[in-house]
Amino acid sequence: MHANPADALPRVLVVAPAGEYSSPKTLARLEHEYSLAAELDPQWAVRPLALARQQGRTVLVLDDPGGEPLDRLLAKPMEVGAFLRLAIGIAHAVGARS
């Protein structure tokens, strides 16, 4: 039994167009990203789960594996050990895709 009902819900990320109007190019990009779901390894990539409609806009729903967004990590100086762990992880992810 979960202490908090929200703990029972899957964690997701939602990618939505910035404005109210979605250009055909933006919709095509979301559709393309969704089409890659079967090719992405969850060990190194956030996998798309669905294309959905939210508040009248098409959004891409992604599995949320947890972690920290890269832009937050790079917003301040990083300790050398943390930087090297991050660099190694990125190199492994890129190497696995090659």
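How many helices and strands make up the secondary structure of the protein chain? The chain holds three helices and three strands. The model shown is a predicted one.

**The whole chain**

Begin with the entire chain in a cartoon view. Followed along the sequence, its elements come in the pattern β-α-β-β-α-α. Of the 98 residues, 13% are buried. If the surface is switched on, its accessible area comes to about 7,700 Å², and carbon and sulfur atoms account for 59% of that area. Among contacts between residues at least 6 apart in sequence, 47% join residues at least 24 apart.

**The sheet**

Next, select residues 12-15 and 48-54, which are strand 1 and strand 2, together with residues 57-63, which are strand 3. These three strands form an open sheet with antiparallel pairing, and their order is 1-3-2. Strand 1 and strand 2 stand at the edges with a single partner strand each, so one side of each is left without a neighbour in the sheet. On average, neighbouring strands are turned by 30° against each other, direction ignored.

Strands of a sheet pair through backbone hydrogen bonds, in a parallel or an antiparallel sense. To examine one pairing here, zoom in on strand 1 and strand 3, which are joined in the antiparallel sense over four bridges. Within this pairing, select Val-12 and then Asp-63 in strand 3, its bridge partner.

**The helix on the sheet**

Now add residues 24-35, which form helix 1. This helix packs on the sheet and touches strand 1, strand 2 and strand 3. The direction of helix 1 makes about 150° with that of strand 2.

**The hairpin**

Turn to the other pairing, between strand 2 and strand 3. Six bridges join these two antiparallel strands. Select Arg-53 to find Thr-58 of strand 3 standing opposite. The two strands form a hairpin with two residues between them. In the turn, select Gln-55, which has a positive phi of about 50°.

**The salt bridges**

Side chains of opposite charge can pair when their charged atoms come close. Two salt bridges are present in this structure.

For one of them, display the side chains of Arg-11 and Asp-64, which meet at 3.9 Å, N to O. This pair links distant parts of the chain, with their positions 53 residues apart: Arg-11 lies in the segment before strand 1, and Asp-64 in the loop between strand 3 and helix 2.

For the other, return to helix 1 and show the side chains of Glu-33 and Arg-29. Their salt bridge has an N to O distance of 2.8 Å. Because Glu-33 and Arg-29 are four residues apart in helix 1, about one helical turn separates them. Are these residues buried, exposed or partly exposed? Glu-33 has a relative accessibility of 28% and therefore counts as partly exposed. Arg-29, at 40% relative accessibility, also counts as partly exposed.

**A nonpolar patch**

Finally, select Leu-70, Leu-74, Ile-90 and Val-94 with the surface displayed. Together these residues make a nonpolar surface patch of about 360 Å². Centre the view on Leu-70, which lies in helix 2, residues 70-73. Leu-70 counts as partly exposed because its relative accessibility is 40%.

Conventions: Residues are numbered from 1 along each chain as its sequence is written. This is a predicted model: local features need pLDDT of at least 70, side-chain atom pairs count only at pLDDT 80 or more; totals for chains, interfaces and linings use all residues. Side-chain values use heavy atoms; hydrogens and water are left out. Two strands pair if DSSP finds at least two bridges between them. Axes are lines fitted to C-alpha atoms, for helices over the stretch in contact, and angles run from 0 to 180 degrees between N-to-C directions. Contact means heavy atoms within 4.5 Å. Patches are made of residues with over 30% relative accessible area and no salt bridge: like charges are joined within 9 Å, nonpolar side chains (Val, Leu, Ile, Met, Phe, Trp, Tyr) within 5 Å. Accessible areas come from the Shrake-Rupley method with a 1.4 Å probe; for residues, only the protein chains shown count as cover. A salt bridge is a side-chain nitrogen of Lys or Arg within 4 Å of a carboxyl oxygen of Asp or Glu. Buried means under 20% relative accessible area, exposed over 50%, partly exposed in between (1.4 Å probe, protein chains only).
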